[in-house]
Amino acid sequence: METTNTPNTTQVQNHHFQFLGKGSEYFAILIVNWLLTLVTLGFYHPWARAKQLRYTFGHTALNSERFSFSGTGKEMFRGFIKVILFYIIVFVIFYLLWIKVNIFIGILFFYLALLSIVPLAIHGSFRYRMSRTSYRGIRFGYRGDKKWLIKNYIKWTLLTIITLGIYGSWMNMNIRRYTHKNVRYGDVEFNNDCHGSDWFLINFLGLLLTLLTLGIYSFWWEKNRFDYYIDRMSMQKGEQKIWCKSTVTGLGFLKLRVVNFFIIVFTLGFGTAWAAMRSERYIWSNIKMAGNINLDEIHQTEEEYTNTFGDGAAEFFDIDLT
(Lines give C-alpha, C1' and ligand atoms only; values in the text may rest on other atoms or scores of the structure.)
Protein backbone atom coordinates (compact mmCIF):
# COMPACT_ATOMS: atom_id res chain seq x y z
CA MET A 1 0.00 0.00 0.00
CA GLU A 2 1.50 3.33 -1.04
CA THR A 3 0.81 6.63 0.69
CA THR A 4 1.07 10.19 -0.55
CA ASN A 5 0.10 13.57 0.84
CA THR A 6 -2.27 16.00 -0.86
CA PRO A 7 -1.79 19.76 -0.46
CA ASN A 8 -4.34 19.88 2.37
CA THR A 9 -2.21 17.35 4.33
CA THR A 10 -4.92 14.66 4.14
CA GLN A 11 -3.24 11.29 3.87
CA VAL A 12 -4.20 9.51 0.68
CA GLN A 13 -3.70 5.78 0.26
CA ASN A 14 -3.43 4.11 -3.13
CA HIS A 15 -5.04 0.67 -3.35
CA HIS A 16 -4.20 -1.94 -5.97
CA PHE A 17 -6.20 -4.93 -7.18
CA GLN A 18 -4.75 -8.22 -8.40
CA PHE A 19 -6.29 -11.32 -9.86
CA LEU A 20 -4.33 -14.47 -9.00
CA GLY A 21 -6.41 -17.16 -10.71
CA LYS A 22 -4.79 -19.69 -13.04
CA GLY A 23 -6.24 -21.16 -16.21
CA SER A 24 -5.24 -24.72 -15.28
CA GLU A 25 -7.00 -24.53 -11.89
CA TYR A 26 -10.11 -22.94 -13.35
CA PHE A 27 -10.16 -25.48 -16.17
CA ALA A 28 -10.22 -28.32 -13.62
CA ILE A 29 -13.19 -26.68 -11.86
CA LEU A 30 -15.08 -26.18 -15.15
CA ILE A 31 -14.52 -29.78 -16.31
CA VAL A 32 -15.69 -31.31 -13.03
CA ASN A 33 -18.66 -28.92 -12.91
CA TRP A 34 -19.62 -29.75 -16.50
CA LEU A 35 -19.43 -33.53 -15.93
CA LEU A 36 -21.41 -33.44 -12.66
CA THR A 37 -24.02 -31.11 -14.16
CA LEU A 38 -24.39 -33.47 -17.12
CA VAL A 39 -24.64 -36.60 -14.94
CA THR A 40 -27.23 -34.99 -12.64
CA LEU A 41 -29.30 -33.64 -15.57
CA GLY A 42 -28.58 -30.06 -14.55
CA PHE A 43 -29.30 -30.31 -10.83
CA TYR A 44 -25.65 -29.81 -9.92
CA HIS A 45 -25.58 -26.34 -11.55
CA PRO A 46 -26.05 -24.35 -8.29
CA TRP A 47 -23.10 -26.16 -6.72
CA ALA A 48 -21.06 -25.57 -9.87
CA ARG A 49 -21.87 -21.87 -9.78
CA ALA A 50 -20.92 -21.63 -6.08
CA LYS A 51 -17.54 -23.26 -6.80
CA GLN A 52 -16.82 -20.81 -9.61
CA LEU A 53 -17.75 -17.80 -7.46
CA ARG A 54 -15.65 -19.03 -4.53
CA TYR A 55 -12.67 -19.46 -6.85
CA THR A 56 -12.91 -16.09 -8.61
CA PHE A 57 -13.61 -14.15 -5.39
CA GLY A 58 -10.93 -16.07 -3.49
CA HIS A 59 -8.32 -15.24 -6.13
CA THR A 60 -9.16 -11.53 -6.28
CA ALA A 61 -6.94 -9.46 -4.00
CA LEU A 62 -6.85 -5.86 -2.84
CA ASN A 63 -3.50 -4.75 -1.43
CA SER A 64 -2.42 -8.44 -1.55
CA GLU A 65 -5.31 -9.53 0.71
CA ARG A 66 -7.96 -11.73 -0.86
CA PHE A 67 -11.73 -11.46 -0.92
CA SER A 68 -13.90 -14.36 0.19
CA PHE A 69 -17.26 -15.73 -0.96
CA SER A 70 -19.06 -18.05 1.47
CA GLY A 71 -22.17 -18.90 -0.55
CA THR A 72 -22.96 -22.59 -0.95
CA GLY A 73 -24.52 -24.75 -3.63
CA LYS A 74 -27.21 -25.85 -1.19
CA GLU A 75 -28.31 -22.25 -0.64
CA MET A 76 -28.32 -21.53 -4.38
CA PHE A 77 -30.24 -24.74 -5.09
CA ARG A 78 -33.00 -23.63 -2.73
CA GLY A 79 -33.20 -20.36 -4.67
CA PHE A 80 -33.41 -22.25 -7.96
CA ILE A 81 -36.28 -24.42 -6.67
CA LYS A 82 -38.13 -21.32 -5.43
CA VAL A 83 -37.88 -19.77 -8.90
CA ILE A 84 -39.30 -22.92 -10.51
CA LEU A 85 -42.19 -22.99 -8.01
CA PHE A 86 -42.82 -19.28 -8.62
CA TYR A 87 -43.25 -19.83 -12.33
CA ILE A 88 -45.42 -22.90 -11.85
CA ILE A 89 -47.74 -20.75 -9.71
CA VAL A 90 -47.66 -17.95 -12.33
CA PHE A 91 -48.61 -20.36 -15.12
CA VAL A 92 -51.41 -21.90 -13.05
CA ILE A 93 -52.88 -18.46 -12.26
CA PHE A 94 -52.47 -17.41 -15.92
CA TYR A 95 -54.35 -20.51 -17.05
CA LEU A 96 -57.16 -20.00 -14.51
CA LEU A 97 -57.56 -16.34 -15.52
CA TRP A 98 -57.62 -17.35 -19.18
CA ILE A 99 -60.28 -19.99 -18.62
CA LYS A 100 -62.37 -18.41 -15.85
CA VAL A 101 -62.08 -14.67 -16.52
CA ASN A 102 -60.60 -13.32 -19.74
CA ILE A 103 -57.59 -14.14 -21.89
CA PHE A 104 -56.46 -10.50 -21.92
CA ILE A 105 -56.54 -10.37 -18.10
CA GLY A 106 -54.48 -13.56 -18.06
CA ILE A 107 -51.91 -12.16 -20.50
CA LEU A 108 -51.70 -8.90 -18.52
CA PHE A 109 -51.05 -10.84 -15.31
CA PHE A 110 -48.46 -13.02 -17.03
CA TYR A 111 -46.45 -10.07 -18.36
CA LEU A 112 -46.62 -8.21 -15.06
CA ALA A 113 -45.29 -11.33 -13.35
CA LEU A 114 -42.45 -11.54 -15.88
CA LEU A 115 -41.72 -7.85 -15.39
CA SER A 116 -41.66 -8.08 -11.59
CA ILE A 117 -39.16 -10.95 -11.55
CA VAL A 118 -36.32 -8.68 -12.76
CA PRO A 119 -36.32 -6.16 -9.85
CA LEU A 120 -36.93 -9.06 -7.44
CA ALA A 121 -33.89 -10.80 -8.90
CA ILE A 122 -31.74 -7.66 -8.74
CA HIS A 123 -32.72 -6.89 -5.15
CA GLY A 124 -32.49 -10.46 -3.87
CA SER A 125 -29.25 -11.29 -5.65
CA PHE A 126 -27.53 -8.15 -4.40
CA ARG A 127 -28.64 -8.89 -0.84
CA TYR A 128 -27.50 -12.50 -0.96
CA ARG A 129 -24.21 -12.11 -2.82
CA MET A 130 -23.13 -9.04 -0.88
CA SER A 131 -23.85 -10.73 2.45
CA ARG A 132 -21.75 -13.71 1.40
CA THR A 133 -18.81 -11.58 0.26
CA SER A 134 -16.17 -10.40 2.71
CA TYR A 135 -12.75 -8.78 2.78
CA ARG A 136 -10.40 -8.80 5.77
CA GLY A 137 -13.20 -10.43 7.78
CA ILE A 138 -15.66 -7.56 7.15
CA ARG A 139 -18.86 -8.45 5.32
CA PHE A 140 -20.45 -6.51 2.47
CA GLY A 141 -24.19 -5.78 2.50
CA TYR A 142 -27.06 -4.31 0.50
CA ARG A 143 -29.81 -2.10 1.96
CA GLY A 144 -32.06 -1.38 -1.01
CA ASP A 145 -35.86 -1.28 -0.68
CA LYS A 146 -37.55 -4.04 -2.65
CA LYS A 147 -40.93 -2.33 -3.05
CA TRP A 148 -39.35 0.94 -4.18
CA LEU A 149 -37.26 -0.87 -6.79
CA ILE A 150 -40.21 -2.87 -8.16
CA LYS A 151 -42.44 0.24 -8.42
CA ASN A 152 -39.80 2.31 -10.17
CA TYR A 153 -38.59 -0.54 -12.38
CA ILE A 154 -42.10 -0.90 -13.80
CA LYS A 155 -42.31 2.89 -14.32
CA TRP A 156 -38.91 2.99 -16.04
CA THR A 157 -39.83 0.04 -18.24
CA LEU A 158 -43.03 1.76 -19.39
CA LEU A 159 -41.06 4.94 -20.15
CA THR A 160 -38.58 2.88 -22.16
CA ILE A 161 -41.41 1.32 -24.18
CA ILE A 162 -43.11 4.70 -24.75
CA THR A 163 -39.84 6.28 -25.94
CA LEU A 164 -39.09 3.30 -28.24
CA GLY A 165 -36.08 2.30 -26.17
CA ILE A 166 -34.44 5.72 -25.80
CA TYR A 167 -35.14 5.94 -22.07
CA GLY A 168 -33.31 2.61 -21.64
CA SER A 169 -30.03 4.45 -20.94
CA TRP A 170 -31.68 6.42 -18.12
CA MET A 171 -33.30 3.25 -16.80
CA ASN A 172 -29.99 1.37 -16.72
CA MET A 173 -28.22 4.19 -14.90
CA ASN A 174 -31.11 4.66 -12.46
CA ILE A 175 -30.84 0.99 -11.48
CA ARG A 176 -27.05 1.12 -11.24
CA ARG A 177 -27.08 4.32 -9.18
CA TYR A 178 -29.73 2.99 -6.78
CA THR A 179 -28.18 -0.44 -6.24
CA HIS A 180 -24.64 0.87 -5.81
CA LYS A 181 -25.58 3.58 -3.32
CA ASN A 182 -27.18 0.88 -1.18
CA VAL A 183 -24.08 -1.34 -1.06
CA ARG A 184 -22.08 -1.31 2.18
CA TYR A 185 -18.70 -2.63 3.22
CA GLY A 186 -19.00 -2.60 6.97
CA ASP A 187 -19.66 1.06 7.82
CA VAL A 188 -18.41 2.28 4.43
CA GLU A 189 -21.09 3.46 1.99
CA PHE A 190 -20.78 3.02 -1.77
CA ASN A 191 -21.95 5.57 -4.32
CA ASN A 192 -22.28 5.92 -8.10
CA ASP A 193 -23.12 9.28 -9.69
CA CYS A 194 -23.82 7.93 -13.19
CA HIS A 195 -26.43 9.63 -15.41
CA GLY A 196 -28.58 8.41 -18.27
CA SER A 197 -27.63 11.28 -20.59
CA ASP A 198 -23.93 10.38 -20.33
CA TRP A 199 -24.63 6.69 -20.92
CA PHE A 200 -26.85 7.46 -23.92
CA LEU A 201 -24.15 9.63 -25.51
CA ILE A 202 -21.40 7.04 -24.90
CA ASN A 203 -23.45 4.30 -26.54
CA PHE A 204 -24.79 6.45 -29.38
CA LEU A 205 -21.32 7.62 -30.40
CA GLY A 206 -19.88 4.18 -29.78
CA LEU A 207 -22.38 2.50 -32.08
CA LEU A 208 -22.02 5.16 -34.76
CA LEU A 209 -18.20 5.06 -34.78
CA THR A 210 -18.18 1.25 -34.64
CA LEU A 211 -20.33 1.14 -37.78
CA LEU A 212 -18.20 3.77 -39.55
CA THR A 213 -14.95 1.91 -38.72
CA LEU A 214 -16.36 -1.53 -39.64
CA GLY A 215 -16.17 -2.70 -36.04
CA ILE A 216 -12.67 -1.51 -35.15
CA TYR A 217 -13.91 1.19 -32.77
CA SER A 218 -15.86 -1.41 -30.73
CA PHE A 219 -12.85 -1.94 -28.46
CA TRP A 220 -12.63 1.79 -27.67
CA TRP A 221 -16.40 1.79 -27.14
CA GLU A 222 -15.93 -1.01 -24.60
CA LYS A 223 -13.14 1.02 -23.00
CA ASN A 224 -15.38 4.11 -22.68
CA ARG A 225 -18.21 2.07 -21.16
CA PHE A 226 -15.87 0.47 -18.63
CA ASP A 227 -14.26 3.82 -17.77
CA TYR A 228 -17.65 5.37 -17.07
CA TYR A 229 -18.73 2.41 -14.97
CA ILE A 230 -15.62 2.55 -12.75
CA ASP A 231 -14.83 6.28 -12.66
CA ARG A 232 -18.29 7.14 -11.33
CA MET A 233 -17.92 4.84 -8.32
CA SER A 234 -16.78 6.00 -4.89
CA MET A 235 -16.93 5.02 -1.23
CA GLN A 236 -17.49 7.19 1.82
CA LYS A 237 -17.17 6.90 5.58
CA GLY A 238 -18.13 10.12 7.28
CA GLU A 239 -15.87 12.80 5.83
CA GLN A 240 -13.44 10.23 4.43
CA LYS A 241 -13.69 9.04 0.85
CA ILE A 242 -12.18 6.68 -1.74
CA TRP A 243 -12.39 7.30 -5.48
CA CYS A 244 -12.17 4.67 -8.23
CA LYS A 245 -10.28 5.04 -11.50
CA SER A 246 -10.09 2.89 -14.62
CA THR A 247 -6.83 2.60 -16.56
CA VAL A 248 -7.99 0.28 -19.35
CA THR A 249 -7.25 1.23 -22.97
CA GLY A 250 -8.94 0.54 -26.28
CA LEU A 251 -5.77 -1.13 -27.54
CA GLY A 252 -5.65 -3.23 -24.39
CA PHE A 253 -9.19 -4.50 -24.96
CA LEU A 254 -8.38 -5.19 -28.62
CA LYS A 255 -5.36 -7.34 -27.69
CA LEU A 256 -7.31 -9.08 -24.93
CA ARG A 257 -10.31 -9.99 -27.11
CA VAL A 258 -8.29 -11.02 -30.17
CA VAL A 259 -5.87 -13.25 -28.22
CA ASN A 260 -8.76 -14.80 -26.25
CA PHE A 261 -10.57 -15.51 -29.51
CA PHE A 262 -7.60 -17.39 -30.95
CA ILE A 263 -7.00 -19.25 -27.68
CA ILE A 264 -10.59 -20.53 -27.70
CA VAL A 265 -10.70 -21.30 -31.43
CA PHE A 266 -7.35 -23.11 -31.69
CA THR A 267 -8.04 -25.20 -28.57
CA LEU A 268 -11.54 -26.12 -29.79
CA GLY A 269 -13.05 -24.41 -26.76
CA PHE A 270 -10.82 -26.01 -24.12
CA GLY A 271 -8.96 -22.73 -23.69
CA THR A 272 -12.05 -20.94 -22.39
CA ALA A 273 -10.77 -21.20 -18.81
CA TRP A 274 -7.46 -19.53 -19.73
CA ALA A 275 -9.29 -16.83 -21.69
CA ALA A 276 -11.56 -16.15 -18.70
CA MET A 277 -8.59 -15.83 -16.34
CA ARG A 278 -6.81 -13.47 -18.77
CA SER A 279 -9.93 -11.26 -18.83
CA GLU A 280 -10.19 -11.19 -15.04
CA ARG A 281 -6.49 -10.32 -14.71
CA TYR A 282 -6.75 -7.47 -17.20
CA ILE A 283 -9.89 -5.99 -15.65
CA TRP A 284 -8.75 -6.10 -12.02
CA SER A 285 -5.22 -4.85 -12.74
CA ASN A 286 -6.75 -1.77 -14.36
CA ILE A 287 -8.99 -0.70 -11.47
CA LYS A 288 -7.28 1.74 -9.11
CA MET A 289 -8.56 3.25 -5.88
CA ALA A 290 -7.25 6.20 -3.89
CA GLY A 291 -8.57 7.97 -0.83
CA ASN A 292 -8.28 8.60 2.88
CA ILE A 293 -10.49 5.87 4.34
CA ASN A 294 -8.41 3.80 6.76
CA LEU A 295 -9.20 0.15 6.04
CA ASP A 296 -8.05 -0.80 9.55
CA GLU A 297 -10.83 1.32 11.10
CA ILE A 298 -13.80 -0.22 9.25
CA HIS A 299 -16.35 -1.91 11.52
CA GLN A 300 -18.72 -4.78 10.84
CA THR A 301 -22.33 -3.60 10.41
CA GLU A 302 -23.94 -6.06 7.97
CA GLU A 303 -25.73 -9.35 8.60
CA GLU A 304 -26.00 -12.55 6.58
CA TYR A 305 -28.97 -12.91 4.25
CA THR A 306 -30.18 -16.44 3.51
CA ASN A 307 -33.05 -15.97 1.02
CA THR A 308 -31.68 -17.02 -2.38
CA PHE A 309 -34.82 -16.60 -4.52
CA GLY A 310 -33.51 -13.41 -6.13
CA ASP A 311 -30.09 -14.90 -6.80
CA GLY A 312 -31.70 -17.98 -8.34
CA ALA A 313 -33.86 -15.79 -10.59
CA ALA A 314 -30.86 -13.68 -11.66
CA GLU A 315 -28.93 -16.82 -12.57
CA PHE A 316 -31.91 -18.54 -14.23
CA PHE A 317 -32.68 -15.55 -16.47
CA ASP A 318 -29.04 -14.42 -16.85
CA ILE A 319 -29.76 -10.94 -15.48
CA ASP A 320 -26.79 -8.57 -15.51
CA LEU A 321 -26.13 -7.28 -11.99
CA THR A 322 -23.37 -4.79 -12.81
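Arginine 232 is a good place to start in this predicted model: arginine 232 forms a salt bridge with aspartate 193, and the closest N and O atoms are 3.5 Å apart. Follow the chain and you will find arginine 232 in the loop between helix 8 (218-231) and strand 9 (233-237), while aspartate 193 sits in the loop between strand 8 (188-192) and helix 7 (196-212), so this pair ties together parts that are 39 residues apart in sequence. Arginine 232 is partly exposed, its relative accessible area being 27%, and aspartate 193 is partly exposed too, at 35%.

Stay with arginine 232 for a moment, for it also forms a salt bridge with aspartate 198, with 3.4 Å between the closest N and O atoms. Aspartate 198 belongs to helix 7, whereas arginine 232 is in the loop between helix 8 and strand 9, so the two tie together parts that are 34 residues apart in sequence. Aspartate 198 is partly exposed, with a relative accessible area of 25%.

Now step to aspartate 231, in helix 8. Its salt-bridge partner is lysine 245, and here the closest N and O atoms are 3.8 Å apart. Because lysine 245 lies in strand 10 (residues 240-246) and aspartate 231 in helix 8, this pair ties together parts that are 14 residues apart in sequence. Lysine 245 is partly exposed, with a relative accessible area of 47%; aspartate 231 is partly exposed as well, at 32%.

Elsewhere, look for Glu65, Arg136 and Asp296, which are linked in a network of salt bridges. Across the whole structure, a search finds nine salt bridges.

Technical notes. Residues are numbered from 1 along each chain as its sequence is written. This is a predicted model: local features need pLDDT of at least 70, side-chain atom pairs count only at pLDDT 80 or more; totals for chains, interfaces and linings use all residues. Side-chain values use heavy atoms; hydrogens and water are left out. A salt bridge is a side-chain nitrogen of Lys or Arg within 4 Å of a carboxyl oxygen of Asp or Glu. Helices (H or I, at least four residues) and strands (E, at least two) are DSSP runs, numbered from the N terminus. Buried means under 20% relative accessible area, exposed over 50%, partly exposed in between (1.4 Å probe, protein chains only).
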